[in-house]
Structure formats: C-alpha cells, structure tokens
Amino acid sequence: MDCLFCKIAAGEIPSSKVYEDEFVYAFLDIDPQAPFHCIIIPKEHISGADMINESNSTLIAKVFEAVAKIAKQENLCKGFRVVNNCGEDGGQTVGHIHFHLLARRNLAWPPG
C-alpha cells in the first residue's frame with residue numbers, strides 16, 4: 001500500500017513524533033493551523049471515517065485515549081479542538097483516517 005501516513009507510522013518517512021503506542025502514532029503537522037497542531041492516526045490503515053465499523057472502531061477509541069494523553073503531556077489545560085475530515089468535500093487530503101489536535105490559541109467557531 002502506498003499510504004503516506006502508513007509510511008510515517010512505520011518510520012519510513014521522518015516526522016516529529018509527539019506520541020506513540022502500540023495502536024496510535026501522533027506527529028506535528030507540517031502546516032500548523034495553531035501554535036500546537038499534531039496529527040493523530042491509528043497505525044492500522046483505515047481510509048476514512050466512512051470506513052469505521054465494528055471490527056476497527058476500537059482503534060478509534062485508542063486514538064481518543066491518545067488525545068487525552070497528549071493533552072496532558074503537552075499541558076493543553078486551556079482546551080483544544082479535535083478535527084476529522086472525511087472525503088474530498090470534507091477536506092480530507094490523505095486517504096488514511098487522521099485527527100487534527102489543535103491548541104494554544106482561541107479556536108473560534110465557525111472555524112476560520
């Protein structure tokens with residue numbers, strides 16, 4: 001499989017690691033939209049949120065467990081936002097499910 005994020009998780013492409021465990025890998029975004037902006041991915045390939053099912057949903061739970069750990073590790077005590085884009089119209093640019101963790105600035109709504 002020729003997946004950018006699978007290659008990053010496997011260490012084939014360098015990244016600035018923020019967190020890693022058996023199921024999840026997190027790294028700094030190369031085009032940050034906030035003072036703290038990392039990408040969190042399950043190590044197992046899931047193409048997008050529309051492909052979550054009973055057999056892989058536990059991996060998504062592991063991603064959100066990692067979100068909490070990263071928030072504590074990075075002292076994101078004032079809050080943060082977790083974003084997932086799904087599909088072309090949803091703004092997904094890499095075909096591996098991923099979550100953006102943004103923090104350290106006021107994140108107004110709607111996003112802008």
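## Salt bridges in the helix

A salt bridge here is a side-chain nitrogen of Lys or Arg within 4 Å of a carboxyl oxygen of Asp or Glu. In this predicted model, Glu 65 and Lys 62 make the cut, with their closest N and O atoms 3.7 Å apart. Both sit in helix α2, three residues apart, or about one turn of the helix. Glu 65 counts as partly exposed at 39% relative accessibility, and Lys 62 is partly exposed too, at 28%.

## Other charged pairs

The count comes to five salt bridges. One of them joins the side chains of Lys 43 and Glu 20, at 2.9 Å from N to O. That pair ties together distant parts of the chain: Lys 43 is in the loop between β3 and α2, while Glu 20 is in strand β1, 23 residues apart. Lys 43 is partly exposed at 27%, and so is Glu 20, at 36%. Add Lys 17 and you get a network of salt bridges linking Lys 17, Glu 20 and Lys 43.

Then there's Asp 2, whose side chain meets that of Lys 7 at 2.5 Å, N to O. Asp 2 is exposed, at 67% relative accessibility, whereas Lys 7 is partly exposed, at 26%.

## The largest pocket

The largest pocket has a volume of about 590 Å³. Of its 28 lining residues, the closest to the centre are Asp 29, Asp 31, His 37, Ile 39 and His 100. By class, the lining splits into 14 nonpolar, ten polar and four charged residues.

Which elements each supply at least two residues of that lining? They are α1, β2, β3, β4 and β5. Helix α1 gives the most, with three residues.

How values were computed: Residues numbered from 1 in each chain as written. Predicted model: local features only at pLDDT ≥ 70, side-chain atom pairs only at ≥ 80, totals over all residues. Heavy atoms only, no water. 1 Å grid on protein atoms, 1.4 Å probe; cavity = no way out; pocket = protein on both sides within 12 Å on 5 of 7 lines; lining within 4 Å. Points joined across faces, edges and corners; volume = space filled by probe spheres on them. Helix = DSSP H or I, 4+ residues; strand = E, 2+ residues; numbered from the N terminus. Nonpolar A, V, L, I, M, F, W, Y, C, P; charged D, E, K, R; others polar. Buried < 20%, exposed > 50% of the residue type's maximum accessible area, 1.4 Å probe, protein only.
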